[in-house]
Amino acid sequence: MNDGAPFRKLSIIGGGAWGAALGNLAANNGVETTIWAREPEVAALINKRHENAVFLPGVKLNPALKATPALEDAGGGEAFLLVAPVQHSRAVMKALRPHARPDAPVALCSKGIEQSTGMFLSAVVAEVWPEAVPAVLSGPSFARDVAQGLPTAVTLACADEALAARWIATIGAPHFRLYYTDDVIGAEIGGAVKNVLAIAAGVVEGKGLGESAKAALIARGFAEFQRLGVALGARRETLAGLSGLGDLILTATSKQSRNMSLGFELGRGRSLHEVLAGRNNVSEGVETAPAVADIARRLGVETPICAAVADLVAGERSVDGLIADLLSRPFRAERE
């Protein structure tokens, strides 16, 4: 693909750890960058101490990076990185759109499915902000790794290759490599379903079922989201790439993952309410699991692990009961 010119003025919509890390990348590239943070204290810390001490403590940010708690102040960006949690993204986009250029490029950086509608974020954009040009940023990346300059590679999905080149020039860096695809739905599916499977992997570890069981779960989980992805029109090579298998490996094997660590605590016997009450961040897999299960049922795609996680977070089944059910499933060919 051809090299693109970076955007001159960028707005990051979401002041969590990932928003700060992405904003830092753009600021380091000389892009005028503003973060909208819902919490006034987060915006103040970024402006005064050049640190997001609430969500990304201990990481110094580029002093040129600015933040605001007023959404209208972030509306002047030439392009937007949407990093708000998926379940709040519709409301945030509706509030932002009157203050923004109607046909602005919008890169979707949160992973999940809107539970109330079963829609991926690209479909939400088409409904709420139809003039906007969407892209999807997804792949195996922890915000702290990226902010600290550790090597990371992700997928940038966009139907417009020239626009994708501009996104890559805006936030790309030697340690933050972006690989282009035009398979937008494929990138979205991997980012959403891997969070659900990471909860299951955490349960396996929390229950002490062993490394062999975790490897089996990841492999069979990958088979599930390949089936679902193909049914939704994704390409297999996207699902086997950074935004699919790559992100699944990272998220399902590290306790830095909010979803894997949540599953770990559930596996140890804690309730979902107890785990969520002690966190200041979002575990998207909790909301995404029932949406994935509903989509799979509608399409007639078998996803027993995702369905088990949906039952678990809904409080309909116990960990022990779900494990027993999965282990008692009939033997079958691996391709099924």
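The unreviewed UniProt entry lists Lys-111, Gly-139, Ser-141, Lys-194, Asp-247, Ser-257, Arg-258 and Asn-259 under "binding site". Of this set, Lys-111 contributes to the lining of the largest cavity. The positions are described here on a predicted model.

Asp-247, one of the listed residues, lies in helix H10. Its relative accessible area is 1%, and Asp-247 is therefore buried, the cut-off for that class being under 20%. Beyond residues up to four places away in sequence, Asp-247 touches Lys-111, Ser-138, Gly-139, Pro-140, Ser-141, Gly-191, Lys-194 and Leu-242. Among these contacts, Lys-111, Gly-139, Ser-141 and Lys-194 also appear in the UniProt list.

Arg-258, also annotated in the UniProt entry, is located in helix H11. Its relative accessibility is 39%, so Arg-258 is classed as partly exposed. With neighbours within four places in sequence set aside, the contacts of Arg-258 are Arg-279, Asn-281, Val-282 and Ser-283.

Helices H10 and H11 are also among the elements that cover the buried residues of helix H8. Helix H8 comprises 21 residues, 211-231. At 1.5 Å a residue it should span 30 Å, and the end C-alpha atoms are 30 Å apart, so the expected and modelled spans agree. The buried positions of H8 are Lys-214, Leu-217, Ile-218, Gly-221, Phe-222, Ala-223, Glu-224, Phe-225, Gln-226, Leu-228 and Gly-229. The cover over these residues further includes helices H7 (184-206), H9 (236-239), H13 (284-299) and H14 (304-313). Just after H8, Gly-233 adopts a positive phi of about 100 degrees.

Note on methods
Residues numbered from 1 in each chain as written. Predicted model: local features only at pLDDT ≥ 70, side-chain atom pairs only at ≥ 80, totals over all residues. Heavy atoms only, no water. Helix = DSSP H or I, 4+ residues; strand = E, 2+ residues; numbered from the N terminus. Expected span 1.5 Å × (residues − 1). Buried < 20%, exposed > 50% of the residue type's maximum accessible area, 1.4 Å probe, protein only. Contact = heavy atoms within 4.5 Å. UniProt positions renumbered as here; feature names shortened; annotations may be inferred. 1 Å grid on protein atoms, 1.4 Å probe; cavity = no way out; pocket = protein on both sides within 12 Å on 5 of 7 lines; lining within 4 Å.
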